[in-house]
Amino acid sequence: MLSQIYEGIQTTTSAAIISISIMLLSGFLMTRITKKLRLPNVTAYIVAGIIIGPFCLDIIPRTIVEQTAFLPDIALAFIAFGTGEFFRLDTLKKNGSKAVVITVLESLSASLLVFLMTFFVLRLELAFSIVLAALASATAPASTIMTIRQTGAKGDFVETLLQVVAFDDIVGLVAYSVAISIAVHSYSGETFSASRIVAPIVTNAGVIALGCVFGLIMKLMLSNGRSSDNRLIIAVALLFAFCGVCTIFDVSPLLGCMSMGTTYVNITSDDDKLFKQLGYFSPPILLLFFVRSGISFDLHSLIQPSGTVGQAPLLLIGVLYFITRIVGKYGGAYLGCLITKMPRKTRVCLGLALVPQAGVAIGLAALGARILTGETGTALETIILASSVLYELIGPGCAQLSLYLTKSYSTKLEDLVTVSANTPDGKKKSSLELLIERIQKIQSELPAHTVNEEELAYTEAAENHFLSMGHDQSRQKPLSWRKRT
C-alpha cells in the first residue's frame with residue numbers, strides 16, 4: 001500500500017530516516033488519543049505500530065524493521081540501568097531478604113501456573129510452554145515506577161514493591177535464559193543434558209560480573225570535573241558498548257546493565273542525577289522500540305492456530321496467559337508476604353502492583369523471536385504483545401489501587417499536610433479555617449519549579465553546554481527560564 005512510496009527512494013538511508021520519523025510521529029499522535037482515554041503510553045505506541053504496520057496502512061518497509069533488530073537490546077539496556085538505581089545496599093539491608101523470598105514465590109507461582117495451563121490444558125509444545133512460563137515471571141518496572149512517581153507514593157510498601165520488582169527481573173531473565181536454551185536445542189533435535197541449564201546460568205553470572213566492571217569504568221570516567229553533557233555522552237556510549245558485547249554472545253543485556261546501574265549507584269551514592277538524565281533521554285528510544293514491536297505484531301496468526309507450537313489459536317493462548325499469570329502473581333505474592341510476616345495490607349495489595357508486564361517481557365520476546373526464528377518466534381512475540389496490551393490497560397490502574405489501599409499516597413488534604421485543630425489561644429478552628437491553612441501550607445511546600453526531575457537534569461546539561469560554547473549570558477536567557485510548551 002503506502003509502502004510503495006518507498007519504491008521511488010533510491011537509498012536505504014532515506015527510507016530509514018523517513019521511517020524513523022513516521023514511527024516517532026505516529027507514536028506521539030496516538031498518545032494524544034490514549035491520554036484522553038487515560039491509557040498508558042505503551043499502549044499507544046504498540047497500537048500506532050500496528051496501524052502503520054503491514055496489516056493496516058503498510059507504511060514501514062519490512063527491511064527497515066529487520067534492520068532495527070537492535071532496538072530491543074538498546075531499550076532493555078536503558079530500562080535495566082534505571083532499575084539498578086533501586087538496588088541501594090542501605091535499602092536492601094532493611095527488607096532485602098524478605099523481598100527475595102516474596103520474589104521467588106510470586107515469580108515461580110506465575111511460571112508454574114502458566115506452564116500447567118499451556119502444556120497440560122492447551123497441549124502446546126513442551127519447549128514453547130517452558131519459554132512462555134519463564135516470561136510470565138517478569139514484571140514491568142517502568143510502569144510501576146511511573147505510577148509511583150505520578151502519585152508521589154512513599155513508605156515501607158513502596159520500598160518493598162520496588163525491591164520485589166527489581167529482583168523480579170533477575171529471576172525472570174535467569175529463567176528465560178535457561179528456557180530459551182532448552183527450546184533452541186529441543187527444536188534443533190539435540191539431546192537434552194544438564195549443561196543446557198548450567199550454561200545459561202554461568203553465562204548470566206559472567207554478564208553480571210562484566211556489568212559491574214562497566215559500572216566501575218563509568219564511575220572512573222564520570223569524574224566530578226566532567227561537564228553534564230559529556231557525562232551523558234559517556235554513559236550512553238558505555239551502555240551501547242555493553243549491548244554490543246552482549247549481542248556478540250547472543251545474550252540479553254538486561255542483567256548486565258542492571259548490575260552496571262547497581263554498581264554505579266552504590267559507589268556514587270550522592271549522584272542520582274545521571275539516572276534522571278538518562279530517564280529524560282530515553283523516551284524516543286523506548287517509543288521506537290514499542291512502535292517497532294507493534295509493527296511486528298502478526299494479526300493474521302493471532303486468530304489462527306500455529307502448527308509449530310500447538311493447535312490452540314494464539315488469541316486464546318494470549319488471553320489465558322494473561323489471566324493465569326495474574327492469578328499466579330497474586331497468589332505467590334500473598335504467600336510470600338504471609339511467610340515473611342509482612343503487614344496485612346501488604347499481603348493483600350502487593351500482588352495487584354505486580355500485574356503490569358510490558359517492557360522487559362516484550363524485549364525478551366523480541367530476543368526470543370530472533371533466536372527461535374520462523375513461525376515459532378513469531379508466535380512467541382505475538383502472544384506476549386497481545387497480552388501486554390491487556391496488561392497495560394489494567395496494570396497501571398491495579399498498581400495505583402495497591403498504593404492507595406496501603407495509604408502510600410492520599411488525595412485528601414488532611415492526609416497530605418498536618419495542621420493544628422486549635423488556635424494558639426485554644427479555640428477550635430472552623431472547617432473553612434482548617435481548609436485555608438492546609439492550602440497555604442501546601443503552597444509553601446511546593447517546589448520553585450514545575451519541571452520534573454528528569455527534565456531538570458537534562459536541561460541543566462543543555463545549559464552547561466550552551467554556556468561552554470561562549471554565548472553571551474546578558475543577551476540570551478538560560479534555557480530553564482524560557483517558556484516550555
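The chain folds into 21 helices and 0 strands, counting as helices DSSP runs of H or I with at least four residues and as strands runs of E with at least two, numbered from the N terminus. This is a predicted model, so to speak for local features a pLDDT of at least 70 is needed, side-chain atom pairs count only at pLDDT 80 or more, and totals for chains, interfaces and linings use all residues. Residues are numbered from 1 along each chain as its sequence is written, and side-chain values use heavy atoms, with hydrogens and water left out.

Of the 485 residues, 50% count as buried, with buried meaning under 20% relative accessible area, exposed over 50% and partly exposed in between (1.4 Å probe, protein chains only). The accessible surface adds up to about 23,300 Å², by the Shrake-Rupley method with a 1.4 Å probe. Carbon and sulfur atoms hold 63% of that surface. As for contacts (heavy atoms within 4.5 Å), take those in the chain with a separation of 6 or more: 77% of them link residues 24 or more positions apart.

On to helix packing. Two packed helices are described by the angle between their axes and the distance between the axes. Here the axes are lines fitted to C-alpha atoms, for helices over the stretch in contact, and the angles run from 0 to 180 degrees between N-to-C directions. Helix H4 (residues 71-83) packs on helix H12 (residues 273-281) at about 150 degrees, with the axes 10 Å apart. H4 and H12 are therefore roughly antiparallel; the cut-offs are under 35 degrees for roughly parallel, over 145 for roughly antiparallel, 65 to 115 for roughly perpendicular, and oblique for the rest. The crossing of H4 and H12 is left-handed, a label used if the near helix is turned anticlockwise from the far one by less than a right angle, with right-handed used if clockwise. On the H4 side, Phe78, Phe81 and Gly82 make the contact, and H12 brings in Leu274, Phe275, Leu278 and Phe281. That comes to 6 nonpolar, 1 polar and no charged residues, where Ala, Val, Leu, Ile, Met, Phe, Trp, Tyr, Cys and Pro count as nonpolar, Asp, Glu, Lys and Arg as charged, and the others, Gly among them, as polar.

Helices H8 (residues 156-187) and H9 (residues 195-221) meet at about 140 degrees, their axes 9 Å apart, which makes H8 oblique to H9. The crossing of H8 and H9 is right-handed. Residues from H8 in this contact include Leu173, Val174 and His185, while those from H9 include Arg196 and Pro200. By class, the H8 and H9 contact has 7 nonpolar, 4 polar and 1 charged.

For H13 (residues 283-295) and H17 (residues 359-372), the angle is about 55 degrees and the axes are 11 Å apart, so H13 is oblique to H17. H13 passes H17 in a left-handed crossing. Phe289, Phe290 and Ser293 of H13 face Gly359, Ile362 and Gly363 of H17 in contact, a split of 3 nonpolar, 3 polar and no charged residues.

Two single residues round things off. Thr382 belongs to helix H18 (residues 374-405) and counts as buried because its relative accessibility is 1%. Beyond neighbours within four places in sequence, Thr382 touches Phe297, Asp298, Ser301, Leu302 and Leu314. Pro253 sits in the loop between helix H10 (228-248) and helix H11 (254-267), and at 0% relative accessibility Pro253 is buried too. With the same neighbours set aside, Pro253 contacts Asp73, Leu76, Phe242, Cys243 and Cys246. The C-alpha atoms of Pro253 and Ala77 are 6.1 Å apart, although 176 residues separate the pair along the chain.
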